[in-house]
Each structure stands twice: as C-alpha cells, then as structure tokens.
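Trainee: I am new to this structure and would like to go through it slowly, one question at a time. Could we look at it together first?

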Amino acid sequence: MYYAYILKSKKSGKYYVGQTEDVEKRLNLHNTGKVVSTKREIPWEVFYKESFENRALAVKRERQIKAWKSRDAIERLESSNKIEDPRFPYGKSGQMTNFK
C-alpha cells in the first residue's frame, strides 16, 4: 500500500505534500530533521492521507495536490472529505483518511 499525504507544521501552520509507503516512518524522518525541506518547521503532524494500490497512483495524487497551490483547496480536503478536482480518477484507486 502507498500513500499520498499532507503534513501540517505545528510551529507555522504550513503544509507539506508527499507520498510514501510508510506514513509513520516518513513522519518520523520529518520530525527528526532528516528531511531538509521541512526541518525548519518541526514539529509536523499528519493532516491528511489517502491510500493507493501502487506508487504510481500515489505520485499522481501528490502531484495533483501540489498543482493546486492553494491552502484553501488543501483545507477543503479536511472539511469536506471529498475530492475537489474532478480530473482525478479517484474511484477505487484510493481511500481518504482525515486526521484532526
């Protein structure tokens, strides 16, 4: 199983979008400063994740979310718990998990 995920910095409120096979392990890497792009905003928490059958689908979803370039669109994922962009073929490919 692979995941597209969004982290939220407890320090600054910024978001980070990524994909991985193990969300908890990846979160640990972010929170221990081993990811250069996120170490200034430690600590991070999982804000949102979706599971996918393969890495290609998780990467596709990660790129889609990054392309939004909108904090509002990311925050709508949490509040609406549904896909905001009809171009993404969600269907049976993934499952959303909302954390708050």
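## Questions on a predicted model

Mentor: Before we start, keep in mind that this is a predicted model. Just after H2, Lys69 takes a positive phi of about 50 degrees, and that helix is a good place to begin.

Trainee: How far apart are the end C-alpha atoms of helix H2, and what span should its residues give?

Mentor: Helix H2 covers residues 55–68, which makes 14 residues. At 1.5 Å a residue these should span 20 Å, and the distance between the end C-alpha atoms agrees with that, being 20 Å.

Trainee: At the start of H2, which residue has a side-chain oxygen that reaches the backbone nitrogen of Ala56?

Mentor: The contact to look for is one between a side-chain oxygen and the backbone nitrogen of Ala56, at the start of H2. The two atoms come to within 3.2 Å, and the residue that supplies the oxygen is Asn54.

Trainee: Which residues make up the largest nonpolar core, and which element gives the largest share of it?

Mentor: This core has 10 residues, namely Ile6, Tyr15, Val17, Phe47, Tyr48, Ile65, Trp68, Ala73, Ile74 and Leu77. Two or more residues come from each of strand E2 (15–20), strand E3 (44–52), H2 and helix H3 (71–80). The largest share, three residues, belongs to H3.

Trainee: How many residues does the other core have?

Mentor: Another core lies apart from the largest one, and among its residues are Tyr3, Leu7, Val23 and Val46. In soluble globular proteins, nonpolar side chains tend to be buried together. The number of residues in this other core is eight.

Trainee: Which residues stand opposite Tyr5 in E3 and in E2?

Mentor: Strand E1, residues 2–9, is mostly covered, with six of its eight residues buried. E1 pairs with E3 in the antiparallel sense over eight bridges, while six bridges join E1 to E2, again running antiparallel. Opposite Tyr5 in E3 stands Lys49, and opposite Tyr5 in E2 stands Gly18.

Trainee: In the hairpin of E1 and E2, which residue takes a positive phi?

Mentor: Five residues lie between the two strands of this hairpin. A positive phi near 85 degrees is found there, and the residue that takes it is Gly13.

Trainee: Which residue forms a salt bridge with Lys14, and is that partner buried or exposed?

Mentor: The closest N and O atoms of the pair are 3.9 Å apart, and the partner of Lys14 is Glu41. The pair links distant parts of the chain, 27 residues apart, with Glu41 in the loop between helix H1 (23–31) and E3 and Lys14 in the loop between E1 and E2. Lys14 counts as partly exposed at 47% relative accessibility, whereas Glu41, with a relative accessible area of 16%, is buried.

Trainee: Within helix H2, what is the N to O distance in the salt bridge of Glu62 and Lys66?

Mentor: Glu62 and Lys66 both lie in helix H2, four residues apart, about one turn of the helix. Glu62 is buried, with a relative accessible area of 11%, whereas Lys66 is partly exposed at 40%. Their side chains meet in a salt bridge whose N to O distance is 2.9 Å.

Trainee: Which residue in H3 meets Arg71 in a salt bridge?

Mentor: The two partners both lie in helix H3, four residues apart, about one turn of the helix. Arg71 counts as partly exposed at 40% relative accessibility, and its partner counts as partly exposed at 27%. The N to O distance is 3.2 Å, and the residue is Glu75.

Technical notes
Residues are numbered from 1 along each chain as its sequence is written. This is a predicted model: local features need pLDDT of at least 70, side-chain atom pairs count only at pLDDT 80 or more; totals for chains, interfaces and linings use all residues. Side-chain values use heavy atoms; hydrogens and water are left out. The expected span of a helix is 1.5 Å times one less than its number of residues. A polar contact is a pair of N or O atoms within 3.5 Å; within protein, one must be able to donate a hydrogen and the other to accept it, and residues adjacent in sequence count only if both atoms are side-chain atoms. A nonpolar core is a set of buried Ala, Val, Leu, Ile, Met, Phe, Trp, Tyr and Cys residues joined through side-chain atoms within 4.5 Å. Buried means under 20% relative accessible area, exposed over 50%, partly exposed in between (1.4 Å probe, protein chains only). Two strands pair if DSSP finds at least two bridges between them. A salt bridge is a side-chain nitrogen of Lys or Arg within 4 Å of a carboxyl oxygen of Asp or Glu.
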